[in-house]
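Thanks for making time this morning; I would like to walk through one structure with you, so please keep the display open while I talk.

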Amino acid sequence: MKRILSTLLVIGLVTSCDSPQKEDTKVEPKEKTSNSTVESMAKSHIEAKLNIPSGEKYSYHIYKEHLDSDNKIDAIITVNRKQYALHKASESNKTAKSAETGFMGKYNYIFYYDGGLNMISPEIEVPSSAVCELKILFENITSDAYKDIIIDYRIMDASFYDFLTVNNHSPERIFQWKHFEGLDNNGPVEAFHFEYTDGTLNPRKDILVKKSILNKPKKEVDRFTFVPELTPTDEIVYRFFYLPEQGKYVTQMK
C-alpha cells in the first residue's frame, strides 16, 4: 500500500504560507495565572506578542471548543491588523499596488489557548489578505472525542483551508486545500467541499475532497471579501489518508 501512496502535500499550493513550526507554537508557562480566563488574558497577550502600539485599531475573536483529550474547553483566538496593513502601505507609497492584492502579508494571526494548562501560545502567522478576517471551523477528523481546527483565509480572490490538530499542546498542520477561486473573471474557476469518513488505514478519518460549483455573482463585488454561493456535488476529486509516521495526509495517485 505504501508504494501506491504519494505525499501530495498541499503546502505547495500556496508558497507564501509556511507551515506553523512546533517550536514557535509551544505554550509558555510564564503566561499562566490560576484565576485567569482566556477572555481576561487575550487582549494583553495579543498586544504584547505582536507589539501592537497604543491607539492601533485591530480586531480579535475567541472561538471555544474541546481541542484535545483533557476534557477542558480550549480556544482559538484570531487577530486581524487591517489598519496596520493600510498604514504600512501608505507609508511606503504603495497603497494602490498593495490594494491590487488585497493587502497581502502577515496581518492575520491565530493564538491557541490550552484550557487544561490555562495558557495562550505565541502567535501563529497566517499570511493572507488583511482586508478579510480569518474564519474558524471545527470538525471531528482525527478523533471523535474532540475537534480539529480549520482556518479559512483569503489570498487574492481565493479561499484556502488549513487543517490543524493539537499535538502535545501545540496546533500542527496536517492538511491544506483550496476552498474556492474564481471571483476574478480573468482567472480559473474552482470550488471544493470536504467530507470526513471512516479511516481506510487507521482510526483517523479520511478526507474526501469533492467538487463544488461556484455560482459567480451577477453584479460587481469586492473579490477580496465576497463569499460566493457554492453548490456541492458528489464528485470526488481526491481521497486523502492519514499516515501517522509522516504526521500528514497523503493520497493515491490517479
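In which sense do strand S10 and S11 pair, and over how many bridges? Strand S10 (residues 148-155) and S11 pair in the antiparallel sense over seven bridges, where pairing requires that DSSP finds at least two bridges between two strands, and where strands are DSSP runs of E with at least two residues and helices are runs of H or I with at least four, numbered from the N terminus.

Before going further, I should say that this is a predicted model, in which local features need pLDDT of at least 70 and side-chain atom pairs count only at pLDDT 80 or more, while totals for chains, interfaces and linings use all residues. Residues are numbered from 1 along each chain as its sequence is written, and side-chain values use heavy atoms, with hydrogens and water left out.

Across that first pairing, Tyr153 stands opposite Phe160 in S11, and in the hairpin, which has two residues between the strands, Met156 takes a positive phi near 55 degrees.

On to the next partner: S11 is joined to strand S12 (residues 170-181) by nine bridges, again running antiparallel, with Leu164 opposite Arg173 in S12. The hairpin of S11 and S12 has two residues between the strands, and there Asn168 takes a positive phi near 55 degrees.

As for burial, nine of the ten residues of S11 (residues 158-167) are buried, so this strand is largely enclosed by the rest of the structure; buried here means under 20% relative accessible area, with exposed over 50% and partly exposed in between, using a 1.4 Å probe and protein chains only.
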